[in-house]
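Trainee: I should like to work through this protein with you, step by step. May I put my questions once the structure is before us?

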Amino acid sequence: MASSSLSPPGVPMELHVTNREKLLSCLRHDLSHSSRPLHGFVFLQGGDEQTRHDTDHIELFRQESFFAYLFGVREPGFYGAIDIATGNSILFAPRLPSDYAVWMGEIKPLSHFKERYMVSMVYYTDEITGVLHDQFQGSGKPLLFLLHGLNTDSNNYAKPAEFEGVDKFEKDLKTLHPILTECRVLKSDKELALIQFANDISSEAHVEVMRKTRVGMKEYQLESVFLHHTYMYGGCRHCSYTCICATGENSSVLHYGHAAAPNDRALEDGDMALLDMGAEYHFYGSDITCSFPVNGKFTSDQSLIYNAVLDAHDAVISTMKPGVNWVDMHLLAEKIILESLKKGCIIVGNVDDMMAERLGAVFMPHGLGHFLGIDTHDPGGYLKGLERRKEPGLRSLRTVRELQEGMVITVEPGCYFIDALLLPAMESSNTSRFFNQEVIGRFKCFGGVRIESDVHVTASGCKNMTKCPRKIWEIEAVMAGEPWPLVKTL
């Protein structure tokens, strides 16, 4: 029977107290800098439970991310406020009907939420207007700083809070979103501890999947092993995102695993597997990709592509530190992959010329990585004034920022053989000369390789929070039954 060396850690609600204090400090600084009065309320609406279409089937609730960041509340239907003048935090809980106790369990008193979530006061949601008017210390209508702004990963807008009586308040829709987003970019030690646990249990689950992978299994069985391990031993009821369990040609489908491609192919001898899976613990996530041969032994072609990606992964991590620009890291990864493909005679010519023609984007069309935290693609990638690059590959970058101490960012180079990109590039007058037509034909059904780790930027460099087998000999040893971490012997 599989087991784990890990157990779910306690979650300190002080984490969210610290997050609120951080926001309050930044917001007060911004208001003072623009000669605005230090009064009003940060006001957020938590998430509501959703039913499946028009049925009464309630989907498993997961809190809205900004609300989770500030308050840590796991229940639906809440609102939250922070008084800018006093620093007081206020939760507003839904007033539940008496029959809730019959079907859903005990109706908790307001004192329960005050103690559990370490806030100054708790009222019911039907008391919002009266309470905020009573607490307001300025003149005229109380001012609400509402969350409204663009998420540059999804192109969706954060939705400002709505409640009965909102028209009795002044509203500011511009100030809060960029400040709160930037607060989420730099992680505290308590946040890092949760992200580390999500990485630890997910890394362990990836190893368990490697050990259990056999030719003839279905992709969804690999997904099932991962989900079981992270929930059974890590208490992770939620995944950070839909699992990508791609084998064979499917490993060149970047977001495989969705409803139209549901991890259901049978594993065949000679396939590469690309497994992109990460557990979430108390809202904070992980995002890890491992690639390996399903039969446990790398062929020479598999080794060539795998080591090209691993060399890029390792070079980026060894170069990362505060002040390094993320675009430069993406280009570094591209160049190392192209140099490896040239050594393997898949492509020919001058690598600098290939870079100028953006050939790297043919083999790695996605960006090198993204911020990670409460969301898999944590916000903050594009500050005001930062332009998204327009070139192939670079336009897919989820940030173009310089690294700062406290950021957590994924490093996920990949190399894929995608007909939709390769065939036009092989026919283009700008890039056709770079392809060795005889050799590249061998890789038509290869799929792809991605290696992804979650990396914390430190004061002098960075720390890889992911603990999976990465070198070929490590993967082959683990798949043959060796313990992990491997015990080195003379």
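Mentor: Let us begin with H229, which is found in helix 8 (residues 219–234). Please keep in mind that this is a predicted model.

Trainee: Is H229 buried or exposed?

Mentor: A residue counts as buried when its relative accessible area is under 20%. H229 has a relative accessible area of 2%, so the term that applies to H229 is buried.

Trainee: Which residues does H229 touch, not counting residues up to four places away in sequence?

Mentor: Contact here means heavy atoms within 4.5 Å. With residues up to four places away left out, the residues that H229 touches are S3, S4, I201, E204, A205, E208 and G234.

Trainee: E208 is in that list. Where is E208 found, and what is its relative accessibility?

Mentor: E208 belongs to helix 7 (residues 189–212). E208 counts as buried, and its relative accessibility is 11%.

Trainee: What distance separates the C-alpha atoms of E208 and A101?

Mentor: Along the chain, E208 and A101 are 107 residues apart. In space, the separation of their C-alpha atoms is 41 Å.

Trainee: Which domains does the domain assignment give?

Mentor: The assignment gives two ranges of residues, 13–185 and 189–480. The first range is named domain 1. The second is named domain 2.

Trainee: How many residues of domain 2 are in contact with domain 1?

Mentor: The centres of the two domains, taken over C-alpha atoms, are separated by 36 Å. There are nevertheless contacts between the domains: on the side of domain 1, 22 residues take part. On the side of domain 2, the number is 26.

Trainee: How many residues of helix 6 are buried?

Mentor: Helix 6 covers residues 176–185 and is mostly covered. Its buried residues include L176, H177, I179 and L180. Of its ten residues, the number buried is eight.

Trainee: Against which strands do the buried residues of helix 6 pack?

Mentor: The partners of these buried residues include helix 1 (14–33) and helix 2 (65–71). The strands against which they pack are strand 1 (41–45), strand 5 (143–146), strand 6 (150–151) and strand 15 (408–411).

Trainee: I turn now to a loop. Where is A266 found, and is A266 buried, partly exposed or exposed?

Mentor: A266 is in the loop between strand 10 (244–247) and strand 11 (272–277). Buried means under 20% relative accessible area and exposed means over 50%. At 31%, A266 lies between these limits and is therefore partly exposed.

Trainee: What distance lies between the C-alpha atoms of A266 and M217?

Mentor: Leaving aside neighbours within four places in sequence, A266 is in contact with M217, K218 and D271. A266 and M217 are 49 residues apart along the chain, and their C-alpha atoms are separated by 5.6 Å.

Trainee: What is notable about the phi of N263?

Mentor: Most residues other than glycine have a negative phi. N263 lies in the loop between strand 10 and strand 11 and counts as buried at 1% relative accessibility. Its phi is positive although N263 is a residue other than glycine, with a value near 50 degrees.

Trainee: What is the phi of R358, and where is R358 found?

Mentor: R358 is found in the loop between helix 11 (351–356) and helix 12 (360–363). R358 counts as buried, at 12% relative accessibility. R358 is not a glycine, yet its phi is positive, at about 60 degrees.

Trainee: Which residues does a cis peptide bond join?

Mentor: Most peptide bonds are trans. In the bond in question, omega is about 0 degrees. One partner lies in the segment after helix 15 (472–479). The residues joined are W484 and P485.

Trainee: Finally, why does the radius of gyration of the protein agree with that of a compact globule?

Mentor: With 490 residues, a compact globule would have a radius of gyration near 23 Å. The protein agrees with this value because its own radius of gyration is 25 Å.

Notes. Residues are numbered from 1 along each chain as its sequence is written. This is a predicted model: local features need pLDDT of at least 70, side-chain atom pairs count only at pLDDT 80 or more; totals for chains, interfaces and linings use all residues. Side-chain values use heavy atoms; hydrogens and water are left out. The radius of gyration is taken over C-alpha atoms; the globule rule is 2.2 Å times the number of residues to the power 0.38. Domain bounds come from an automatic or database domain assignment. Buried means under 20% relative accessible area, exposed over 50%, partly exposed in between (1.4 Å probe, protein chains only). Helices (H or I, at least four residues) and strands (E, at least two) are DSSP runs, numbered from the N terminus.
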